[in-house]
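Colleague: I am new to this model and would be grateful for a close look at one part. Could you describe the charged side chains and how they are placed?

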Amino acid sequence: MSAVVLPSRLTALNRLRCAIFQTSYNPTGIRTGAKYLRKRLRGPSMVRYYPQEINLSQIARQYPELELVNEIEEQRLQDVEDRKKRGKGAPKKAKTKDESRRTSKRR
Amino acid sequence: MPNVRVLRDIKARDIVRANEIARRAYLYVARNQTLPPQVRHQAQLQLNTFDRYSRPTTVKNRCYETGRGRGIMSEFGLCRFQFRLKALHGELNGVKKASW
């Protein structure tokens, strides 16, 4: 034998329970979008994934009085100069459309 | 110097962090069924105008040593080969080659 509980009593109980435990009363399960506000922000931990690299050229630009020399960059510029001397440098930028290689005939 | 894919990923991470709060606010409005449909539609249109890198799903964990995108051991942030090399050199704490 079980006592019959009226549905209206059950809904009243649910509403009261929500008020006591400070949860939102949403009997129809309607979407309120609350989960997008509840979730933690992922950006701060995302930014920390890669270890910080020291950017030597940036430091040299910030503190010109230290007169730092970025040897890798100096070597690269030297190599570019050497290639130019041997006639292996990058071609001149086209000034007009006719000069560009895209329009000229393929060899 | 990290390779171009890693640089792009770093850029995506910065953009995600910069836009995260605004995106969340628009998401809240767009997905909220208690609000009028016109407002929700406007919010959805605003969501579509964000940078393509501002979506958190565009961010990919890449190997911080080589930039490889697949086979990453997420605990170490390394791809499987770099993980092996470093583990064999004893550069990863608590990692030991199994043998039985």
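Modeller: **Charged side chains**

In chain B, B:Arg13 and B:Asp9 are joined through their side chains by a salt bridge with an N to O distance of 3.1 Å (Lys or Arg side-chain nitrogen within 4 Å of an Asp or Glu carboxyl oxygen). The model is predicted, and local features need pLDDT of at least 70, side-chain atom pairs pLDDT 80 or more, while totals for chains, interfaces and linings use all residues. Residues are numbered from 1 along each chain, chains are lettered from A and ligands numbered from 1 as written, and side-chain values use heavy atoms, without hydrogens or water.

B:Arg13 and B:Asp9 belong to helix H1 of chain B, where four residues, about one turn of the helix, separate them (helices are DSSP runs of H or I, at least four residues, numbered from the N terminus). B:Arg13 has a relative accessible area of 2% and is buried; B:Asp9, at 5%, is buried as well (buried: under 20%; exposed: over 50%; partly exposed: in between; 1.4 Å probe, protein chains only).

Helix H1 of chain B also holds B:Glu20 and B:Arg24, four residues apart and therefore separated by about one helical turn. Their side chains meet in a salt bridge at 3.8 Å, N to O, and both residues are buried. Elsewhere in chain B, salt bridges with shared partners connect B:Glu65, B:Lys86 and B:Glu91 in one network.

Chain A offers another pair: A:Arg76 and A:Glu73 form a salt bridge whose closest N and O atoms are 3.1 Å apart. These two residues lie three residues apart in helix H5 (residues 71-85) of chain A, so about one helical turn separates them. A:Arg76 is partly exposed, with 45% relative accessibility, and A:Glu73 is partly exposed too, at 31%. Over all chains, a search of the whole structure finds five salt bridges.

Charged residues also make up a positive surface patch, composed of A:Arg31, A:Lys35, A:Arg38, A:Lys39, A:Arg40, A:Arg42 and B:Arg31 (residues with over 30% relative accessible area and no salt bridge, like charges joined within 9 Å). One of its members, B:Arg31, is located in helix H1 (residues 4-31) of chain B. B:Arg31 has a relative accessible area of 32%, which means that B:Arg31 counts as partly exposed. In helix H1 of chain B, then, B:Arg31 is partly exposed, whereas B:Arg13 is buried.

Notes. Patches are made of residues with over 30% relative accessible area and no salt bridge: like charges are joined within 9 Å, nonpolar side chains (Val, Leu, Ile, Met, Phe, Trp, Tyr) within 5 Å. Accessible areas come from the Shrake-Rupley method with a 1.4 Å probe; for residues, only the protein chains shown count as cover. Lys and Arg count as positive and Asp and Glu as negative; His and the chain ends are not counted. The place of a charge is taken as NZ of Lys, CZ of Arg, CG of Asp or CD of Glu.
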